[in-house]
Amino acid sequence: MRRKKRQVTDLIAIKNFVEESQVVRIAMNGEEYPYVVPVNFGYEWNEDKLTLFVHGASEGEKINRIKKDPKVSVEMDGNHQLIQGSRNAATYSYAYQSLIGFGQAEILADLADKRQALHSLMAHAAKGKPFDEIPETMLKQTGVIKITLNSYTMKENVQPAKR
């Protein structure tokens, strides 16, 4: 990381950022170009290890690329705000938080694993609101991807306090 002063190492702050985020962008390898897709997600923490879960169609571009190469990158960002400067453009900046990670994607086939992943996704998206049990027919039809991150970093540029 080039700007160490912007690096976030506090695990509680990282976990809070992931909880507040609703969209993760997944980058996958391709034969000619990389492919990036924004998706909603669920997640699990095992100490400082982060696992993400996404869902979608059981076939298509994401699935095809993951089958060919399971290596992925992920990105989340938020808390955007212009930091206004003076008339000199160099005095402007931009406040943000972002997380970038690298890992392996796998397509889940086991219905119990898919159910657990989709429950994680729904718990994150619904923020504690109740939801019905996911029917087995839906589980069979839904594509579920588990992304185990090998590494991730978070950084931020915060708005200075106003006096």
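The legends below walk through several close-up views of this predicted model.

The model is predicted, so local features need pLDDT of at least 70 and side-chain atom pairs count only at pLDDT 80 or more, while totals for chains, interfaces and linings use all residues. Residues are numbered from 1 along each chain as its sequence is written, and side-chain values use heavy atoms, with hydrogens and water left out.

**View 1. M76 and its contacts.**
Let us start inside strand 6 (residues 71-83), where M76 is found; helices (H or I, at least four residues) and strands (E, at least two) are DSSP runs, numbered from the N terminus. M76 has 0% relative accessibility and therefore counts as buried. Buried means under 20% relative accessible area, exposed over 50%, and partly exposed in between, with a 1.4 Å probe and protein chains only. Leaving aside residues up to four places away in sequence, M76 touches F17, V18, S21, V23, V24, F41, L52, Q97, S98 and L99, where contact means heavy atoms within 4.5 Å. Look for Q97 as well: its C-alpha is 8.2 Å from that of M76, with the two positions 21 residues apart in sequence numbering.

**View 2. The hairpin of strands 4 and 5.**
Here strand 4 (residues 42-46) and strand 5 (residues 49-57) run antiparallel and are joined by five bridges; two strands pair if DSSP finds at least two bridges between them. To find your bearings, pick out E44, whose bridge partner in strand 5 is T51. Two residues lie between the strands of this hairpin. E47, in the loop between strand 4 and strand 5, has a positive phi of about 60° although it is not a glycine. Most residues other than glycine have a negative phi. E47 counts as exposed because its relative accessibility is 65%.

**View 3. Strand 8 and its partners.**
Strand 8 (residues 142-157) runs antiparallel to strand 5, with seven bridges joining them; A57 stands opposite T142 in strand 8. Strand 7 also pairs with strand 8 in the antiparallel sense, over 13 bridges, and here L99 stands opposite M154. Strand 1 (residues 7-8) is antiparallel to strand 8 too, through two bridges, with K155 as the bridge partner of Q7.

**View 4. Aromatic pairs.**
How many aromatic pairs does the structure hold? There are two aromatic pairs; rings of Phe, Tyr and Trp (its six-membered ring) pair if their centres lie within 6.5 Å, and planes under 30 degrees apart count as stacked, over 60 as edge-to-face and the rest as tilted. F41 and Y43 make a tilted pair, 6.3 Å centre to centre with 45° between the planes. F41 and Y43 are both buried. The rings of W45 and Y152 have centres 5.9 Å apart and planes at 75°, so this pair is edge-to-face. W45 belongs to strand 4 and Y152 to strand 8, so the pair ties together parts that are 107 residues apart in sequence. Y152 is buried because its relative accessible area is 19%.

**View 5. Salt bridges that link parts of the chain.**
The count comes to seven salt bridges, each a side-chain nitrogen of Lys or Arg within 4 Å of a carboxyl oxygen of Asp or Glu. In one of them, the side chains of K127 and E19 meet at 2.8 Å, N to O. This pair links distant parts of the chain, with K127 in the loop between helix 3 and helix 4, E19 in helix 1 (residues 11-20), and their positions 108 residues apart. K127 has a positive phi of about 50° although it is not a glycine. K127 counts as partly exposed at 41% relative accessibility, and E19 does so at 29%.

**View 6. Two further salt-bridge sites.**
E75 and R25 meet in a salt bridge of 3.1 Å, N to O. E75 sits in strand 6 and R25 in strand 2 (residues 24-28), 50 residues apart. A network of salt bridges links R25, E75 and D77. Now turn to R115 and E133: their salt bridge has its closest N and O atoms 2.5 Å apart. R115 lies in helix 3 and E133 in the loop between helix 3 and helix 4, so the pair ties together parts that are 18 residues apart in sequence. R115 is partly exposed, with a relative accessible area of 23%, and E133 is partly exposed at 49%.
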